[in-house]
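Reader: I'm new to reading structures, and I get lost when I look at a whole model in one go. Could you pick a single part, take a really close look at it, and then show me how the surroundings connect to it?

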Amino acid sequence: MVVASGGLRAASRLRIKDDVLSVLREAIISGSFAPGQHLREEDLAEQLQVSRGPVRDALATLGHEGLVRIEPHKGATVPLLARRDVDEVYSLRLAMETLAARWAVEHATADDLAALEAVLAEVPAALDSGDARAVSDLDVRFHDAFYRAAHHERLYVFWRSVRSQVSRFLFSRNTVVPTTREIALDEHAHLLELLRQRAEDELVEAVQAHLRGAYDRLTAQYD
């Protein structure tokens with residue numbers, strides 16, 4: 001791995017646009033860029049050893065994902081994680097994931113169930129290693145696979161619009177209070193089992209309880 005000046009990994013020359021986006025997204029989620037930090041195109045381009053064009057495109061995409069705030073004549077800034085942001089994202093997740101659960105019961109395939117099981121298989125090692133970033137990433141990957149299992153394309157588009165913010169919230173929480181095996185593994189395994197049984201009402205109830213627990217743990221940091 002090549003590390004550019006400033007500690008950022010140099011972007012791959014093969015897929016510069018996608019790689020720049022990936023590098024900057026990871027830097028924000030992992031806290032390499034502090035909340036409130038101004039992100040200057042020219043500085044980022046120099047660190048990543050690319051032109052300003054891919055950086056500008058990446059910042060625009062991150063703006064749509066809610067990971068940066070772009071203001072006219074001021075450029076991009078990493079937003080603070082405010083309590084209002086948690087309220088909005090998790091109230092939206094509650095509505096979306098309830099719908100995803102109902103659709104997944106009707107439409108999930110054997111491949112979808114296998115994809116969810118494959119994510120869960122990686123969780124024990126991540127927990128044992130104490131790698132908060134890996135645990136957070138697996139959490140998001142599980143829910144990503146859950147949305148895919150619904151086979152509701154427009155719903156998946158909406159999930160993608162908040163997925164990066166969810167990643168940032170999860171990693172922020174897990175670095176303060178490491179998640180437990182019960183939350184990271186057992187609760188997700190329970191969701192998978194209910195989906196496998198096609199137990200719609202029980203799955204919806206479990207999804208809602210899971211998300212309310214996540215919300216409570218996040219808001220406890222602000223209280």
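**A close look at helix H7**

Author: Let's start with Arg160, which lies in helix H7. One thing to keep in mind from the start: this is a predicted model. Arg160 has a relative accessible area of 46%, so it is partly exposed: over 50% would be needed to call it exposed, and under 20% to call it buried. Now look across to Asp144. Arg160 and Asp144 are 16 residues apart along the chain, and their C-alpha atoms are separated by 8.3 Å.

Next, the ring-shaped side chains. How many aromatic pairs are there? The count comes to two. In one of them, the ring centres of Tyr90 and Phe169 are 6.4 Å apart. Their planes meet at 55°, so this pair goes down as tilted: stacked needs under 30 degrees and edge-to-face needs over 60. If you trace the chain, you'll see that this pair links distant parts: Tyr90 belongs to helix H4 (residues 83-107) and Phe169 to helix H7, with the two positions 79 residues apart in the numbering. Are these two buried or exposed? Tyr90 has 4% relative accessibility, which is why it counts as buried. Phe169 comes out at 2%, so it is buried too.

The other pair is Tyr147 with Trp159, and this one is stacked. Here the distance is 4.6 Å centre to centre, with 10° between the planes. Tyr147 sits in helix H6 while Trp159 sits in helix H7, so the pair ties together parts that are twelve residues apart in sequence. For burial, use the cut-off from before. Tyr147 has a relative accessible area of 1%, so it is buried. Trp159 is at 0%, and therefore buried as well.

There's one more ring worth finding. The charged end of Arg133 sits over the ring of Phe171, at 5.7 Å from the ring's centre.

Now, what happens between H6 and H7? The loop there holds His151. This residue has a positive phi of about 55°, even though it isn't a glycine. His151 is partly exposed, because its relative accessibility is 38%.

You can also check what lies at the other side of H6. Asp131 is placed in the loop between helix H5 (110-129) and H6. Its relative accessible area is 35%, so Asp131 is partly exposed. From Asp131 to Pro178 you count 47 residues in sequence, but C-alpha to C-alpha they are 9.2 Å apart in space.

Time to look at empty space instead of atoms. Rolling a probe the size of a water molecule over the atoms shows where such space is left. The largest pocket holds about 490 Å³. It is lined by 20 residues, and those nearest its centre are Arg25, Glu65, Arg163, Ser164 and Ser167. Which elements give two or more residues to that lining? They are helix H1 (16-29), helix H3 (52-65), helix H6 (132-150) and our helix H7 (153-176). H6 gives the most, with seven residues. Sorted by kind, the lining has ten charged residues, six polar ones and four nonpolar ones.

Since H3 turned up in that lining, let's follow it a bit. Arg56 has its place in helix H3. With 42% relative accessibility, Arg56 counts as partly exposed. Its C-alpha atom is separated by 12 Å from that of Ile16, and the two are 40 residues apart along the chain. In the loop between helix H2 (41-48) and H3 you'll find Gln49. Like His151, Gln49 has a positive phi without being a glycine, about 60° in this case. Gln49 is at 39% relative accessibility, so it counts as partly exposed.

Last stop: the strands. Three of them form an open sheet in the order E1-E3-E2, with antiparallel pairing. Strand E1 (38-39) and strand E2 (69-71) stand at the edges with a single partner strand each, so each has one side left without a neighbour in the sheet. Zoom in on E2 and strand E3 (residues 75-77), and you'll see them pair over three bridges in the antiparallel sense. To spot one of the bridge partners, start at Arg69: its partner in E3 is Thr77.

Key: Residues numbered from 1 in each chain as written. Predicted model: local features only at pLDDT ≥ 70, side-chain atom pairs only at ≥ 80, totals over all residues. Heavy atoms only, no water. 1 Å grid on protein atoms, 1.4 Å probe; cavity = no way out; pocket = protein on both sides within 12 Å on 5 of 7 lines; lining within 4 Å. Points joined across faces, edges and corners; volume = space filled by probe spheres on them. Helix = DSSP H or I, 4+ residues; strand = E, 2+ residues; numbered from the N terminus. Nonpolar A, V, L, I, M, F, W, Y, C, P; charged D, E, K, R; others polar. Phe/Tyr/Trp six-rings, centres within 6.5 Å; stacked < 30°, edge-to-face > 60°. Buried < 20%, exposed > 50% of the residue type's maximum accessible area, 1.4 Å probe, protein only. Lys NZ or Arg CZ within 6 Å of the ring centre and 35° of its normal. Pairing = 2+ DSSP bridges.
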